[in-house]
Amino acid sequence: MARSRSCGAHRGFAFWGSLINWLTLYLGPVPWLGLAILEAIFFAVGAVAIALVYRYANAVWTTRLGRLGVLPVVISGLWTAREAITAVAPEGGFSWGRVAFSQSTSPFASLVAYLGISGLSFALVWLIAFVVQLVREGQASVVGRITLAVAAAAVLLVIPAWPAPTQGTTRIAAVQGNTKSGLLDRVEAGDNLNAHITETLGLEGQNVDMVVWPENASDIDPETNAIAAQDLDFVSQIMKAPLVVGTIAERDGKYYNTSLLWENGQVADYYDKRHPVPFAEYMPARSFFHALAPALVDMVTRDYQIGTTDTVMNVNGVTAGISICFDITDDQAVSSMVNDGAQVILAQTNNADFGQTDENLQQLAIARLRAIETGRSVVNISTVGHSAIIGPDGTTIDAIAPYQPGAMVDNVPLSTTTTPATLISKGIELLVSGLGLAGLVFALVAAARLRRISEKKATTNAPPQPEG
């Protein structure tokens, strides 16, 4: 088991270290190293559980049919359970790097509408575990094993895509200001706001139902600053449409990463980010970590609160689900939007801290899967890119090149469909995780039984002790 832990930790670190290397761009190696090590520990624990099951599989499932039919389910269930746990813990979890998130443009992507994110991870890991077990069953013919492997893949591929029915459209203008919005950028207050105003005014004369700006687009809170409020009024009047604007709000001495609905000269509604990022938007155990890395901790000057608002806004008669940055990775936040009646999802984000790295594309891939999963169009609008409008079937309706100012003005499909994933995906996660954990228990029981048998044999075969 020590070897399994070591291999799991090494492979987990190799995976996570390469996946999130964008953290090092401006912040250096310490945050990257800390997160990669933490996730590698979880990976190692999962690897030990899987290794235990494989080690005692023959004692639990004594027939080939049992091993081919049950063992892959247990292995993929344990993998899914580990992903599910790290998605919510510690400190709200880090729902990144899940197997499903790699499939946004693959032939398997359509399965997410039926199974949800955890269910898609389970299905893909099951397929790999099934093929691995076919290789392990050495007495079977090569032709038979290849046939079964192809058949298993075909079972997943022949499931038709969810039809993703739509009910009308809304015309949305989504604006990418290409602003200096990173933590280390040197800007004057109002620079981000002015950049988005400038880009939006270029759309004057366009007939739109709403204008959507990204996270932190208004770097001055219009609720507390009269000039910023006048600016938003001016833009709203020019566009003859309400604005959905990302800003930082202060209420009762507490800070929130907020999306405002600005309409008729005031805030008509707002959404506070449900999933602020630890060590970036708030600092857990600040005094402890400050003693370890004072310079890095001092960069997190505010502790943003966890939002408790509902997840939707009525924007010009359209119920829009609101997601801010990493909210899009949170299964519960996405489910809440659908349950609250969202017809379209507005995913506002600020990727400036990660530059032209894979982080932007990884987040866009997650947004694309969320569109398919929920059967809703997703307007993924960033300060710097990658910004895109994605249809309910996962196709790209429009996009803006990264690190360029621009806007997307499109008729965006609306939907109130209920996909199987939005109904049962949490149930699938609990079911398959439970099956994996049950298989692990059976393996542990088998290990204990074999140990007792071994000890009994050792006692029976021991030479008699001389008397006296």
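**Close-up views of a predicted model**

**View 1. Pro 392 is buried, with a relative accessible area of 8%.** Welcome to this predicted model; we start at a single proline. Its 8% falls under the 20% limit, so Pro 392 counts as buried. To find Pro 392, look in the loop that runs between strands β10 (387-390) and β11 (396-400). Gly 375 makes a good second landmark: 17 residues separate Pro 392 and Gly 375 in sequence, while their C-alpha atoms are 4.6 Å apart in space.

**View 2. Four residues make a nonpolar patch on the surface.** Here you can pick out Leu 33, Ile 37, Ile 41 and Val 45, which together form a patch of about 340 Å². Ile 41, one of the four, belongs to helix α3, which covers residues 29-55. Is Ile 41 buried, partly exposed or exposed? Its relative accessibility is 49%, so Ile 41 counts as partly exposed.

**View 3. Helix α3 packs with helix α15.** Stay with α3 and bring α15 (residues 420-460) into the picture. The two axes lie 9 Å apart and the packing angle is about 55 degrees, which means that α3 is oblique to α15. The crossing of α3 past α15 is left-handed.

**View 4. Stepping back, the whole chain holds 15 helices and twelve strands.** The chain has 468 residues, and 52% of them are buried; Pro 392 from the opening view is a buried residue too. Along the principal axes, the C-alpha trace spans about 100 × 55 × 35 Å.

Definitions and conventions: Residues are numbered from 1 along each chain as its sequence is written. This is a predicted model: local features need pLDDT of at least 70, side-chain atom pairs count only at pLDDT 80 or more; totals for chains, interfaces and linings use all residues. Side-chain values use heavy atoms; hydrogens and water are left out. Patches are made of residues with over 30% relative accessible area and no salt bridge: like charges are joined within 9 Å, nonpolar side chains (Val, Leu, Ile, Met, Phe, Trp, Tyr) within 5 Å. Accessible areas come from the Shrake-Rupley method with a 1.4 Å probe; for residues, only the protein chains shown count as cover. A salt bridge is a side-chain nitrogen of Lys or Arg within 4 Å of a carboxyl oxygen of Asp or Glu. Helices (H or I, at least four residues) and strands (E, at least two) are DSSP runs, numbered from the N terminus. Buried means under 20% relative accessible area, exposed over 50%, partly exposed in between (1.4 Å probe, protein chains only). Axes are lines fitted to C-alpha atoms, for helices over the stretch in contact, and angles run from 0 to 180 degrees between N-to-C directions. Angles under 35 degrees count as roughly parallel, over 145 as roughly antiparallel, 65 to 115 as roughly perpendicular and the rest as oblique. A crossing is left-handed if the near helix is turned anticlockwise from the far one by less than a right angle, and right-handed if clockwise.
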